[in-house]
Amino acid sequence: MDAKAAAKAVKQGEVSPVYLLYGSEKYQMNEFLSFLEAQLVSKEDRDFALIHMDLGESPIQAVVEEAETVPFMVPRKLIIVRDASLFTAGKESAKVEHRPETLLTYLDAPAEYSVIVFLVPQEKLDERKKIVKAVKKSGTALAFTPLGGEDLLKWIEKQAAKEECRFESGAAEMLVRNAGTGLQTLAGEVDKLCLFAGRGCVITGAVVHQLVARSTEQSVFALVEDIANLRLNQALSIFYELLKQREEPIKIAALITRQFRIILQVKTLSRQSYSQQQIASQLGLHPYAVKIAGEQARKFQAARLESILNELGELDYKMKSGAMDKVLGLELFLLRLGA
């Protein structure tokens, strides 16, 4: 079951006794939690109905005890439990002794007046653990993973539609290239752009360029993109802008190296028939970053990428040893790369 299906079930009155929300996409996870709060607890009942607990400070048996306790002055309790160790392969807190069997027993006959929500901000659960298997069997486990390329753009369009705005062709993609792939950041930027444009208006690429500042990492991302497309003047312009912002040349070189390494890794894995999602999981990257790296990879031979990485390694040594001026070294590298 995914989040949409789970939300539909809740609206129809089919509420699980336990929800296990996990994954690296915290924004969507918190959105679903807010949805549960709105659906299951009225505003006037929240002081008594919302219970927050942390498994780093309280044992799981305390959570079960709270769930079994009849609510005071409200028809239902929503118990929100944070921490990840009990459901993942990570080490559990040494200062708290958990007895997972108490939750297993509870799941055999859960209280009708309590809903437990476990928040696990980790990509994977430890499927070997009995507690994970039991929650999946008796409750609802929902994964919140980063949105893929097209899904991410659709999400941005949907956020803009809520504000009665829309992006012109290519503007949403420009927003991602400037702001990155974090949904929390993107949501804030969409709100800002819609407020600037006004309801019913179209957000253009020019407006995105004007209002959404790029981080250093995103600037380097754009710099490599310009190099891949033989836009040397634009690449140098980004480089000089980073210097004006007093970014350290060694840091810029390191980020350039990282991006070219990603491009080579994506190219290698793509040749081995890995999908975008598999590559993203393998490299620990956002699917959108893999998509862009894949497009860049098509413009370089593998041997050329290896040569660039070797050259960057030599440049790093010369910059750190003082054998070459840092700014001049990077300038010459970019000029050779774009030649």
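Reader: Which residues of α11 are buried?

Author: This is a predicted model, and in it the buried residues of α11 are Thr216, Gln218, Ser219, Val220, Phe221, Ala222, Leu223, Val224, Glu225, Asp226, Ile227 and Ala228.

Reader: What makes α11 largely enclosed by the rest of the structure?

Author: Twelve of its 13 residues are buried, so the helix is largely enclosed. The cover over those buried residues includes α8 (171–179), α12 (232–244), α13 (249–271), α15 (287–297) and α17 (326–338).

Reader: How do you know that the end-to-end distance of helix α11 agrees with what its 13 residues should span?

Author: Take 1.5 Å a residue: residues 216–228 should then span 18 Å, and the end C-alpha atoms are 18 Å apart, so the two agree. Just after α11, by the way, Leu230 has a positive phi of about 60°.

Reader: Okay, cysteines. Why is there no bond between Cys194 and Cys165?

Author: A disulfide needs the sulfur atoms within 2.5 Å. The sulfur of Cys194 has its closest cysteine sulfur in Cys165, 3.5 Å away, so that's too far for a bond. The disulfide count comes to zero.

Reader: And why is Cys165 called buried?

Author: Buried means under 20% relative accessible area. Cys165 is at 7%, so it counts as buried; Cys194, at 5%, also counts as buried.

Reader: Why is Phe48 called partly exposed, then?

Author: Partly exposed sits between the 20% and 50% cut-offs, and Phe48 has 41% relative accessibility, so it qualifies. Phe48 lies in helix α3 (residues 46–49), and with Phe72 and Met73 it makes a nonpolar surface patch of about 370 Å².

Methods: Residues are numbered from 1 along each chain as its sequence is written. This is a predicted model: local features need pLDDT of at least 70, side-chain atom pairs count only at pLDDT 80 or more; totals for chains, interfaces and linings use all residues. Side-chain values use heavy atoms; hydrogens and water are left out. Patches are made of residues with over 30% relative accessible area and no salt bridge: like charges are joined within 9 Å, nonpolar side chains (Val, Leu, Ile, Met, Phe, Trp, Tyr) within 5 Å. Accessible areas come from the Shrake-Rupley method with a 1.4 Å probe; for residues, only the protein chains shown count as cover. A salt bridge is a side-chain nitrogen of Lys or Arg within 4 Å of a carboxyl oxygen of Asp or Glu. Helices (H or I, at least four residues) and strands (E, at least two) are DSSP runs, numbered from the N terminus. Buried means under 20% relative accessible area, exposed over 50%, partly exposed in between (1.4 Å probe, protein chains only). The expected span of a helix is 1.5 Å times one less than its number of residues. Contact means heavy atoms within 4.5 Å.
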